[in-house]
Amino acid sequence: MYAVEVSDHIMIAHSFKGEVFGPAQKLHGATFTVAVAFLSEKLDPNGIVVDIGCAIDVLKAMLGKVNYKNLDDMPEFKGVNTTTEWLTRWVFDQFAAAVKAGQLGREPREISAIRVTVGESPNARAWFEAPLW
């Protein structure tokens with residue numbers, strides 16, 4: 001299996017509901033690293049998994065929706081604990097739509113799966129990986 005990964009970071013604010021979160025129940029800031037890997041069983045005729053430039057452009061545009069924002073104030077996240085784990089799935093869903101729309105310079109069905117890793121510190125990260133088809 002071949003893979004290409006692109007990454008960036010976001011700075012957000014949010015809070016959590018639930019005693020399990022302790023002091024993180026209060027509004028706090030976070031800087032997350034976000035890495036998205038695209039998996040394919042074979043390279044295309046150009047020898048690539050995806051067009052890295054396209055993948056970076058899609059990542060920057062998608063993360064721009066939440067960068068420097070308070071996620072608690074965003075209507076689409078209302079009532080959601082925007083945990084690191086939850087963010088991995090949100091990013092995955094955004095990229096799955098981009099792949100299926102042909103935005104990554106490759107025939108969509110040739111991309112087998114996506115893996116999203118979100119790091120909340122040098123010591124802790126979460127990921128979500130799933131097939132696209």
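Starting at the N terminus, the elements of the protein chain come in the order β-β-α-β-α-β-β. That gives two helices and five strands, where helices (H or I, at least four residues) and strands (E, at least two) are DSSP runs numbered from the N terminus. Keep in mind that this is a predicted model, where local features need pLDDT of at least 70 and side-chain atom pairs count only at pLDDT 80 or more, while totals for chains, interfaces and linings use all residues. Residues are numbered from 1 along each chain as its sequence is written, and side-chain values use heavy atoms, with hydrogens and water left out.

Let's look at the sheet. The five strands form an open sheet with mixed pairing, in the order β3-β1-β2-β4-β5. At its edges sit β3 (69-70) and β5, each pairing on one side only; two strands count as paired if DSSP finds at least two bridges between them. Strand β1 (residues 2-14) runs antiparallel to strand β2 (residues 28-40), and 13 bridges link them. One of the residues involved is His14, whose bridge partner in β2 is His28. Over on the other side of the order, β4 and β5 are also antiparallel, with eight bridges, and a hairpin of two residues takes the chain from β4 to β5.

Now for the helices. Helix α1 (residues 52-64) lies across β1, β2 and β3, and runs at about 15° to β1. Helix α2 packs on the sheet too, touching β2, β4 and β5, and its direction makes about 145° with that of β4. For these angles, axes are lines fitted to C-alpha atoms, for helices over the stretch in contact, and the values run from 0 to 180 degrees between N-to-C directions. A contact, here and below, means heavy atoms within 4.5 Å.

Thr84 is a good residue to click on in helix α2. Thr84 is buried, at a relative accessible area of 5%; the scale is buried under 20%, exposed over 50% and partly exposed in between, with a 1.4 Å probe and protein chains only. Leaving aside residues up to four places away in sequence, Thr84 touches Phe32, Val118, Glu120 and Ala126.

Next, the charged pairs. The whole structure has four salt bridges, each a side-chain nitrogen of Lys or Arg within 4 Å of a carboxyl oxygen of Asp or Glu. One of them stays inside helix α2: Asp93 and Arg89 meet at 2.9 Å, N to O. These two residues both lie in α2 (residues 84-100), four residues apart, about one turn of the helix. Asp93 is partly exposed at 36%, and Arg89 is partly exposed as well, at 40%.

Another salt bridge brings together the side chains of Arg106 and Glu110 at 2.7 Å, N to O. Here Arg106 is buried, with a relative accessible area of 5%, whereas Glu110 is partly exposed at 28%.

The hairpin strands carry a salt bridge as well, with Arg115 and Glu129 meeting at 3.7 Å, N to O. Arg115 belongs to strand β4 (residues 113-121) and Glu129 to strand β5 (residues 124-131), so the pair ties together parts that are 14 residues apart in sequence. In the sheet, Arg115 stands opposite Glu129 in β5. Arg115 is partly exposed at 26%, and Glu129 is partly exposed at 41%.

One backbone detail deserves a stop: Tyr68. Its phi is near 60°, a positive value in a residue other than glycine. Most residues other than glycine have a negative phi. Tyr68 sits in the loop between α1 and β3, and Tyr68 is exposed, with a relative accessible area of 63%.

Finally, step back to the whole chain. How does its radius of gyration stand against that of a compact globule? With 133 residues, such a globule would come out near 14 Å, and the protein chain has 16 Å, which agrees; the radius is taken over C-alpha atoms, and the globule rule is 2.2 Å times the number of residues to the power 0.38. Along the principal axes, the C-alpha atoms fill a box of roughly 50 × 25 × 25 Å. Buried residues make up 41% of the 133 residues. Among contacts with a separation of 6 or more, 68% join residues 24 or more positions apart. The chain exposes about 7,400 Å², with carbon and sulfur atoms supplying 54% of it; accessible areas come from the Shrake-Rupley method with a 1.4 Å probe, and for residues, only the protein chains shown count as cover.
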